[in-house]
Amino acid sequence: KVVVPGTNGGVSLLGLVASALGGACMGLCHAVFLFRSIRTDILALIVVGGLSGLGGSLLDSLLGAVAQATYYDSKLNTIVKSPGSNEVENRGGLPIFSNEMVNVISSIATALLVAKWAEPLVSLLSVC
């Protein structure tokens, strides 16, 4: 479904590619600066980094779409970050889930998931 830019949970191809490339760059930095390895390990870390960046971005978008509070200002006819006037109504999500809260939760969850599956995946990719 096409949504306007700024919609909670919305994704774009450019944003997803940027997330994957950012993760791949982190994997490369890990391989080069922290992990003296052979060539296959470096490629595996780049792939794992890219998948982690993409996965974290998708998790953030999912939480944003499902849980993040969405406030609509009828006077301005736009989505706003927080309820600031009588003209603002909650159109969905839970008030405790601000954009910042969604970012924190998705970052922690991604870090925990990557910590759990990164080593076996690097080992598997290094063999290939």
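On one side of helix α1, Leu14, Leu21, Met26, Val32, Phe33 and Leu34 are exposed. That is how this predicted model shows them. Turn to the other side of α1 and the picture flips: Leu16, Gly23, Ala24, Gly27 and Ala31 are buried there. Those buried residues cover an arc of only 100° around the axis, so they sit on the same side of the helix. There is a handy rule behind this kind of pattern: an α-helix has 3.6 residues a turn, so residues three or four places apart point the same way.

How far apart are the end C-alpha atoms of α1? They are 31 Å apart. The helix runs over residues 13–34, and its 22 residues should span 32 Å at 1.5 Å a residue, which agrees with that distance.

Cys25 is another residue of α1. Cys25 counts as partly exposed because its relative accessibility is 46%, which falls between the 20% and 50% cut-offs. Its C-alpha atom is 9.7 Å from that of Val47, a residue 22 places away along the chain.

Now for the sheet. It is an open one with 3 strands, in the order β2-β1-β3, and the pairing is antiparallel. β2 and β3 are the edge strands, each pairing on one side only. From one strand to the next, the twist averages 45°. As a reminder of what holds such things together, strands of a sheet pair through backbone hydrogen bonds, either parallel or antiparallel.

Here are the two strand pairs side by side:

| Strand pair | Residues of the partner of β1 | Sense | Bridges |
|---|---|---|---|
| β1 and β3 | 88–92 | antiparallel | 4 bridges |
| β1 and β2 | 78–80 | antiparallel | 3 bridges |

β1 itself covers residues 70–73. Thr70 and Tyr72 point one way from this strand, while Tyr71 and Asp73 point the other way, and all are buried.

Tyr72 is a good residue to follow through the sheet. In β3, Tyr72 stands opposite Glu89, and in β2 its bridge partner is Ile79. Next door in the strand, Tyr71 stands opposite Val80 in β2. What lies over the face of Tyr72? Arg91 does, at 4.0 Å from the ring centre. As for rings meeting other rings, a search of the whole structure finds 0 aromatic pairs.

The hairpin of β1 and β2 has 4 residues between the strands, and Asn77 is in that loop. Its phi is near 60°, a positive value in a residue other than glycine. For background, most residues other than glycine have a negative phi. Is Asn77 buried or exposed? At 57% relative accessibility, Asn77 counts as exposed, because that value is over 50%.

One last stop is helix α3, which covers residues 99–127 and includes Met101. Met101 has a relative accessible area of 33%, so this residue is partly exposed. The C-alpha atoms of Met101 and Asp41 are separated by 34 Å, and the two residues are 60 places apart along the chain.

How values were computed:
Residues are numbered from 1 along each chain as its sequence is written. This is a predicted model: local features need pLDDT of at least 70, side-chain atom pairs count only at pLDDT 80 or more; totals for chains, interfaces and linings use all residues. Side-chain values use heavy atoms; hydrogens and water are left out. Helices (H or I, at least four residues) and strands (E, at least two) are DSSP runs, numbered from the N terminus. The expected span of a helix is 1.5 Å times one less than its number of residues. Buried means under 20% relative accessible area, exposed over 50%, partly exposed in between (1.4 Å probe, protein chains only). The arc is that of the directions from the helix axis to the C-beta atoms. Two strands pair if DSSP finds at least two bridges between them. Rings of Phe, Tyr and Trp (its six-membered ring) pair if their centres lie within 6.5 Å; planes under 30 degrees apart count as stacked, over 60 as edge-to-face and the rest as tilted. A charge sits over a ring if NZ of Lys or CZ of Arg is within 6 Å of the ring centre and within 35 degrees of the ring normal. Axes are lines fitted to C-alpha atoms, for helices over the stretch in contact, and angles run from 0 to 180 degrees between N-to-C directions.
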